[in-house]
Amino acid sequence: MFGFLDIGPKYEDDDVELQELTPKPSSAANKSKTGTNHAGNNAQRNKISLFTVICAQLQILLGSVRFRVIAIASIVIIGIFYGGSLFSGKDTNKQMTDFSNVNSQLDLQLGSIHHWCLHGGDSSCNCEDPLTPRSGIGKEWHEAHDLNVNDIDDFLRNAPSADIVFLGDDITEEWRGTAMGVQQDNMGKIAHVFSRLFTREGGGPIDGLALGLAGDTGTNLLWRIRNGEMPEDLNPNIWWLLVGINDLKINLCSPEVVIMSIIRIVEEIQVRKPGSKIVLNGILPAADSDGKLGELIRAAHMVNSQLKAFAEKHYHVEFFDEGHMFIDRDSANKQKLSLIPEMIPDGFHLSALGHQMWGERIQKKALFLMVNM
């Protein structure tokens, strides 16, 4: 399946998505009876609902070995997402603003952010105003941005049109084989993956362009879009957006800040390219400092859930999430899930194998969207 890639074992497709493994509140649990505060009763119902999920999973354990592994993994993922509050009835999303109904930049208000920092409060992080474009820092960043602008010009001279343009951060720039605009010897296979999947010259069915910069946050990407990386004559069928992990992992921003930043970028694209198709790629799983999945994946799940809801309410926006493919389900017996090292070796960046498996699914989605436009 992976042809020239001879790195690590091969993994079969897994159709069980990460969101499907987390408990979804029933409609009854979201309703309160007239005239009475039933917070305690709601908490109890949450306990019962989660207990029901666990019992259902235990019944699956009686089935095949494959479903036994999935069942155990499901329970562990539930515990991770609920951060130890599995039996407490505690709602980790109770102070999250719903941004899914945003229809313009004017609907985004900083006052709707309950807290700015991932760990709570407003002073323990380096979060930027998610609505204001901000350039990166240093000469290297600006030179890398200039290279992106020049590559757009080269692309438009050599290709009649672009089928897909990727906008993002480290993961997106890796497809060019560079980090901050500098060629990396260990990224040659990743660049070859992109060429095979997303250039007709390399044997792919579509032509794509990757515009990413390592370390970029949402506001950095917004600045780049407004300063040359979305020119008038660049009009692909699809704008593919992946950003936000650096806001979470490096700047320690709260999910609300990240969601607002991404939607602000979407609104910018829609103003500059009205009617264009935008795909929001869910934030990929990243490991905490101990190499396991915990706080960061919970935060990413909160962001992804809202991005999915936003896409469902906006005709020209799609949501795409294949993050579950990077989860090592064999680690379910170890209390905490971990990432597949052959695919995300440092817990943050994708290997060539990770890029190929992920890229194949992106290509399939992109072709589907193009056929149905």
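**Exercise 1. In this predicted model, determine where Met 180 and Leu 252 lie and how their backbone and accessibility are to be described.**

Solution. Met 180 is placed in the loop that links strand 2 (178-179) and strand 3 (182-183). Its phi is near 55°, which is a positive value in a residue other than glycine. For context, most residues other than glycine have a negative phi. The relative accessibility of Met 180 is 25%, and because partly exposed covers the range between 20% and 50%, Met 180 counts as partly exposed. Turning to Leu 252, this residue is found in the loop between helix 7 (245-249) and helix 8, and it has a positive phi of about 60° although it is not a glycine. With a relative accessible area of 25%, Leu 252 is partly exposed.

**Exercise 2. Classify the packing of helix 6 (residues 218-226) against helix 8 (residues 255-272), and list the residues that meet.**

Solution. Begin with the geometry: the two helices pack at an angle of about 15°, and their axes are 9 Å apart. Since angles under 35 degrees count as roughly parallel, helix 6 is roughly parallel to helix 8. The crossing in which helix 6 passes helix 8 is left-handed. Next come the residues: from helix 6, Gly 218, Thr 219, Leu 221, Leu 222, Ile 225 and Arg 226 meet Ser 261, Arg 264, Ile 265, Glu 268, Ile 269 and Arg 272 of helix 8. Sorted by class, this contact has five nonpolar, three polar and four charged residues.

**Exercise 3. Carry out the corresponding analysis for helix 3 (residues 139-158) and helix 6.**

Solution. Here the packing angle is about 50°, with the axes 11 Å apart, and helix 3 and helix 6 are therefore oblique to each other. Their crossing is right-handed. On the helix 3 side, Trp 141, His 142, His 145 and Asn 148 meet Asn 220, Trp 223 and Arg 224 in helix 6. The residues of this contact divide into two nonpolar, four polar and one charged.

**Exercise 4. Check the length of helix 9 (residues 295-312) against its expected span, and name some of its buried residues.**

Solution. At 1.5 Å a residue, the 18 residues of helix 9 should span 26 Å, and the end C-alpha atoms are 26 Å apart, so the two values agree. The buried residues of helix 9 include Leu 296, Ile 297, His 301, Asn 304, Gln 306 and Phe 310. As a setting for this helix, the chain has 10 helices and nine strands, and of its 373 residues 51% count as buried.

Conventions. Residues numbered from 1 in each chain as written. Predicted model: local features only at pLDDT ≥ 70, side-chain atom pairs only at ≥ 80, totals over all residues. Heavy atoms only, no water. Axes fitted to C-alpha atoms, helices over the stretch in contact; angles between N-to-C directions. Helix = DSSP H or I, 4+ residues; strand = E, 2+ residues; numbered from the N terminus. Parallel < 35°, antiparallel > 145°, perpendicular 65-115°, else oblique. Left-handed = near helix turned anticlockwise from the far one by under 90°. Contact = heavy atoms within 4.5 Å. Nonpolar A, V, L, I, M, F, W, Y, C, P; charged D, E, K, R; others polar. Expected span 1.5 Å × (residues − 1). Buried < 20%, exposed > 50% of the residue type's maximum accessible area, 1.4 Å probe, protein only.
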